[in-house]
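Visitor: Got a minute to walk me through this one? I'd like to start with the aromatics.
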Amino acid sequence: MSHKKSRIFRHRFAQSVRALTQTLGWLALGMAVLVWLLSLRQQAGSRANIQNISGILALVGTGNLVLFALFFRLPDFLAARSSPSRQRRDAIYKHNRNSTRPRPEVVPQRNDGSVLVVVLAVLAAVTALVLQVQLTSRARLHAQQSASRRASLVRAATDAARTAMQRLADDPELMFDSRDEDWARRDETRSPPGIDTIVTVTDENRFFDLNNLARRADMGVLPADEIAMNLLNECGQFDAGDRIRALQDWIDADNNGVHESEIYLSRDPPYACPNRPLISWNELFDIDGWKREQFALRPPASVHGTFEASLPDCVTVLPAKHDRLIPVNINTASRDVLLGILGIDQDVLVNAIISMRTMRPIQTVDAVQQLMEPALFAHVSPYLAVRSEFFRIEARAFAEGAAAHIRAIAHRDAEGRVDVAQWMF
Ligand SMILES: [Ca+2]
Ligand SMILES: [Ca+2]
């Protein structure tokens, strides 16, 4: 009895393996076709990954069908051909083909339920795999699109900055610059791919360059630290003496001063004075006494009083070769900057210069000479100019909620050649 049960079990096991091999084969081939069709809906970049899955499924399906043919169909076929009863069965078949006898009822084979469970599990696994590949491909595509959009925005901002540099070069009058120049207007454009750009050009020669403190003034010329002191006083910063001396020691070439390297070498971590002009605003805040809050913009007022100026509106840091003083453009400088250079008590003179430039741009520095004492003119004239050399260019590009921002200091020489003197980050 147990022998019979064992035989039945082996028979059912063989039947299950046979059904499983065949079902898996066809199922994998069907999934391969389905996945391949799904891949046609993807972008070309992510299609190859999905088609690889399709190829693996096709390979699994074909392998199963080959195994099914080799291990089940072929033995059946050979057994049938080699059987001694084959002729007899053929004869019976021919005899019965025309017989009116009813055919024996075909009893359907009972399939093992485990086959269905295995097929469903494989189907779920393949579906999860396809979904995972799709999600990964979409995430990769999204990252590629973001990088591409960012690159487009940077290109658009760079092109806008180049356009501003071209406008500077196209200035029809290079000998003097006023506040009403074509290059000074804010430029807003929209490019064909839908990218908005805004570019502004700021005349940096309207501010006093703090790097002028690196250079010792010639005989009879106003020292730059006195101008710096005037400007800080105008900003309400009256205790600025030590800070200005610290700045001077930081950028002057020598090591002779009370704010040279020994102050910074005792800090943690230690550092030393570079003994060269500042290369950026950020460096300024490494200097003894200089803090970012000193550069906070004060509330704008239509007419502000004495000592109410804002430091960012008065000073700058220019990337120039400081073998000379970098002058301020008297056509574009603010009243505060002019007072800082000419003297805080020179209200009348500054008003006269502002009246003069309001009628038309001042075309030569000598034109203001007639407004002041010869001694004062000799004292301050190295700090005065009527044309500008340095410009801050800020270009922004926007599209679909993303933005790119480019800032640079451009230099324009007397012949109108414009170069980027410094990228700002
Ligand atoms: Ca001009
Ligand atoms: Ca020094």
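Visitor: Which residues do the ring pairs link into a cluster with Trp281?
Guide: Phe285, Trp290 and Phe295 join Trp281 in that cluster. Bear in mind that this is a predicted model.

Visitor: How many aromatic pairs are there by your rule?
Guide: The count is 10 aromatic pairs. Take Phe68 and Phe72: their ring centres are 5.9 Å apart and their planes meet at 40 degrees, so that pair is tilted.

Visitor: Where do Phe68 and Phe72 lie?
Guide: Both sit in helix 2, residues 44-82. They are four residues apart, about one turn of the helix. In an α-helix there are 3.6 residues a turn, so residues three or four places apart point the same way. Phe68 and Phe72 are both buried.

Visitor: And Trp290 with Phe295, what are the numbers?
Guide: That pair is tilted as well, with 6.2 Å centre to centre and 35 degrees between the planes. Trp290 is buried, as is Phe295.

Visitor: Which residue lies over the face of Trp290?
Guide: Arg243 does, at 5.0 Å from the ring centre. Arg243 is one of the buried residues of helix 6.

Visitor: How many residues of helix 6 are buried?
Guide: Eight of the 11 in helix 6, residues 241-251, so to speak of it as mostly covered is fair. Besides Arg243, the buried residues are Gly241, Ile244, Ala246, Leu247, Asp249, Trp250 and Ile251.

Visitor: What covers them?
Guide: The cover includes helix 5 (224-234), helix 7 (261-265) and helix 8 (281-284).

Visitor: Switching to the metal. What coordinates the calcium ion?
Guide: The calcium ion (ligand 1) takes side-chain oxygens from Asp171 (OD, listed twice), Asp177 (OD) and Glu181 (OE, listed twice). Glu173 and Phe176 each give a backbone O. Distances run from 2.3 to 2.9 Å.

Visitor: How are the donor residues spaced in sequence?
Guide: The spacing is D-x1-E-x2-F-D-x3-E.

Visitor: Are Asp171 and Asp177 buried or exposed?
Guide: Both Asp171 and Asp177 are buried.

Visitor: What does Thr332 touch?
Guide: Asp177 is on its list, along with Ser178, Arg179, Asp203, Asn205, Arg206, Arg357 and Ser388. That leaves out residues up to four places away in sequence. The side chains of Thr332 and Asp203 make a polar contact of 2.6 Å.

Visitor: Where does Thr332 lie?
Guide: In the loop between strand 5 (328-329) and helix 9 (335-342). Thr332 has 2% relative accessibility, so it counts as buried.

Visitor: Now Arg167. Buried or exposed?
Guide: Arg167 is buried, because its relative accessibility is 11% and the cut-off for buried is under 20%. Arg167 lies in helix 4, residues 113-169.

Visitor: What lies 3.2 Å from a polar atom of its side chain?
Guide: The backbone oxygen of Trp183. Trp183 is also among the contacts of Arg167, leaving aside neighbours within four places in sequence. The others are Asp182, Ala184, Arg185, Asp187 and Val199.

Visitor: Last topic, cysteines. How many disulfides?
Guide: The count is zero. Cys235 is in no disulfide, and its nearest cysteine sulfur, on Cys314, is 4.1 Å away. The cut-off for a disulfide is 2.5 Å.

Visitor: Is Cys235 buried or exposed?
Guide: Cys235 is buried, with a relative accessible area of 4%. Cys273 is buried too, at 9%.

Note on methods: Residues numbered from 1 in each chain as written. Chains lettered and ligands numbered in written order. Predicted model: local features only at pLDDT ≥ 70, side-chain atom pairs only at ≥ 80, totals over all residues. Heavy atoms only, no water. Donors = N, O, S within 2.8 Å, 3.2 Å for Na, K, Ca; no water. Buried < 20%, exposed > 50% of the residue type's maximum accessible area, 1.4 Å probe, protein only. Phe/Tyr/Trp six-rings, centres within 6.5 Å; stacked < 30°, edge-to-face > 60°. Helix = DSSP H or I, 4+ residues; strand = E, 2+ residues; numbered from the N terminus. Lys NZ or Arg CZ within 6 Å of the ring centre and 35° of its normal. Contact = heavy atoms within 4.5 Å. Polar contact = N/O pair within 3.5 Å; in protein donor to acceptor, adjacent residues only side chain to side chain.
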